[in-house]
Every structure is written in structure tokens, then in C-alpha cells.
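Trainee: I have not seen this structure before. Could we go through it step by step?

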Amino acid sequence: MDNESQLTTKKEKRDGAVVLTLEGVINERTNLDEVLKDVPEGKLIINLRGITRINSCGVRDWVNAIRPLAGKCDIEYVECSRAIVDQLIMITNFLQPGRIVSFYAPYYCEECKKAHEVLVNIAEHFDADEDFEDAEAPDFECPKCGKVMEFAEDEATYFFFLAED
Ligand SMILES: [Zn+2]
């Protein structure tokens with residue numbers, strides 16, 4: 001399936017930073033060097049909300065492609081999708097160098113019997129001295145009924161990647 005290799009990228013300037021928004025699939029057919037070429041020095045914000053799938057080849061290629069930027073860019077990852085977090089759970093240092101700012105997490109409202117993905121902002125939703133090796137999911141209210149939702153995965157596993165820093 002050839003369209004599986006598709007990745008769309010958008011690069012824009014915002015408040016002195018370059019914002020790179022990636023959407024689609026990252027795998028062995030993705031040319032990440034092309035995606036990351038011409039990134040200027042300075043702050044680089046990478047938005048991964050739209051990544052629907054990344055396989056182990058994609059992770060390896062990503063690590064290799066991003067490494068040359070380490071010295072010249074201050075990299076932040078925002079809105080990491082579930083697909084990205086699933087890889088982070090297995091390969092904790094995959095988004096290094098760089099800092100993870102926010103990521104999506106699965107919640108479930110018992111009242112509405114409905115699943116919701118919530119954007120977790122690390123600085124906002126966790127204490128500064130949070131021990132991520134034993135992290136508890138932050139509380140979020142259901143956007144429909146306002147009841148506090150259940151975290152829908154194993155908390156110890158899901159947040160553990162944040163302990164590696
Ligand atoms: Zn609800």
C-alpha cells in the first residue's frame with residue numbers, strides 16, 4: 001500500500017520559532033532527511049498530533065535524522081499522538097535530543113460510555129517534582145458531562161517514558 005508511506009509536512013514561523021507539523025505515517029519509505037533539511041538554527045517546535053503510525057524503522061530513521069540538529073536547534077515536541085507515545089513506551093529516548101512538552105492520553109467517561117483523547121501538558125498537569133516512575137494520571141473532566149474520567153490505560157506503563165530524561 002503505497003499511500004501508507006505518505007507524510008505531509010508544514011513548516012511555518014511563529015514567534016521566532018520554526019514550527020514543523022507532521023501528519024501521516026513514518027516508516028522506511030519516509031525521507032526524513034528531506035523533511036528536516038533547511039531547518040534554521042534556533043527553536044524548533046515539532047507538532048506530532050497528526051502522526052497516525054510510526055514503525056520501528058521510522059523510529060530508527062527519526063533518531064538518525066534528528067541527531068545533526070542537536071547542536072543548532074532547541075527542539076520541543078508538542079501534541080505527540082498516541083502512535084508516538086506507543087513508541088516512546090518501548091524506546092524511551094526516541095525523542096532525544098529534545099523536550100516533550102505535551103502528548104495525548106486516552107480517557108474514558110463512565111457516565112457517557114465514551115472514550116476521549118486528552119492533551120496532557122507536562123508542565124501544567126504534573127508537579128515539577130513528579131516521580132514518573134510511579135505517576136498517576138492527571139484528572140480530566142469529560143468534555144460532555146463534566147464528570148471526572150477514568151484513565152483508559154495502565155498508568156504506570158503509559159507515563160513511564162517521562163521518567164527517562
Ligand atoms: Zn461524560
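**Questions on the fold and its details**

Trainee: D38 has a positive phi of about 65°. Where along the chain is D38 found, and is D38 buried or exposed?
Mentor: Keep in mind that this is a predicted model. D38 is not a glycine, and most residues other than glycine have a negative phi. D38 is found in the loop between α1 (32-36) and β3 (42-54). Because D38 has 8 C-beta neighbours inside 10 Å, and 12 or fewer count as exposed, the answer is exposed.

Trainee: Is E79, which has a positive phi as well, buried or exposed?
Mentor: The phi of E79 is about 55°, although E79 is not a glycine. E79 lies in the loop between β4 (73-78) and α3. A residue counts as buried from 20 other C-beta atoms within 10 Å. E79 has 20 such atoms, so the answer is buried.

Trainee: What is the omega of the cis peptide bond that ends at P97?
Mentor: P97 sits in the loop between α3 (82-90) and β5 (99-100). Most peptide bonds are trans. The bond joining Q96 and P97 is cis, with an omega of about 5°.

Trainee: How many helices and strands are there in the protein?
Mentor: Read along the sequence, the pattern is β-β-α-β-α-β-α-β-β-β-α-β-α. Counting the elements by type gives 5 helices and 8 strands.

Trainee: What is the radius of gyration of the protein?
Mentor: The C-alpha atoms fill a box of roughly 50 × 40 × 30 Å along the principal axes. For 165 residues the globule rule gives 15 Å, and the value of the protein is close to that, so the protein is as compact as a globular protein of that length. The radius of gyration is 17 Å.

Trainee: Which strands are the edge strands of the open sheet?
Mentor: The open sheet has 5 strands in the order β1-β2-β3-β4-β5, with mixed pairing. An edge strand pairs on one side only. Those strands are β1 and β5.

Trainee: In which sense do β1 and β2 pair, parallel or antiparallel?
Mentor: β1 (residues 7-14) and β2 (residues 17-26) form a hairpin with 2 residues between them. In the turn, D15 has a positive phi of about 50°. One of the bridges links K13 to V18 in β2. Over 8 bridges, the sense of the pairing is antiparallel.

Trainee: Which residue of β3 is the bridge partner of V19?
Mentor: β2 and β3 run parallel and are joined by 8 bridges. Strands of a sheet pair through backbone hydrogen bonds, either parallel or antiparallel. The partner of V19 in β3 is I45.

Trainee: Within what arc do the buried residues of α2 fall?
Mentor: In α2 (residues 56-66), the buried residues are G58, D61, W62 and I66. Seen down the axis of α2, these residues line one face of the helix, because they fall within an arc of 120°.

Trainee: What covers the buried residues of α2?
Mentor: The buried residues in question are G58, D61, W62 and I66. Their cover includes β2, α1 and β3.

Trainee: What share of the residues of the protein counts as buried?
Mentor: The total is taken over the 165 residues of the protein. E79 and W62 are among the buried ones. The share is 25%.

Definitions and conventions
Residues numbered from 1 in each chain as written. Predicted model: local features only at pLDDT ≥ 70, side-chain atom pairs only at ≥ 80, totals over all residues. Pairing = 2+ DSSP bridges. Helix = DSSP H or I, 4+ residues; strand = E, 2+ residues; numbered from the N terminus. Rg over C-alpha atoms; globule rule 2.2 N^0.38 Å. Arc of directions from axis to C-beta. Contact = placed C-beta atoms within 7 Å.
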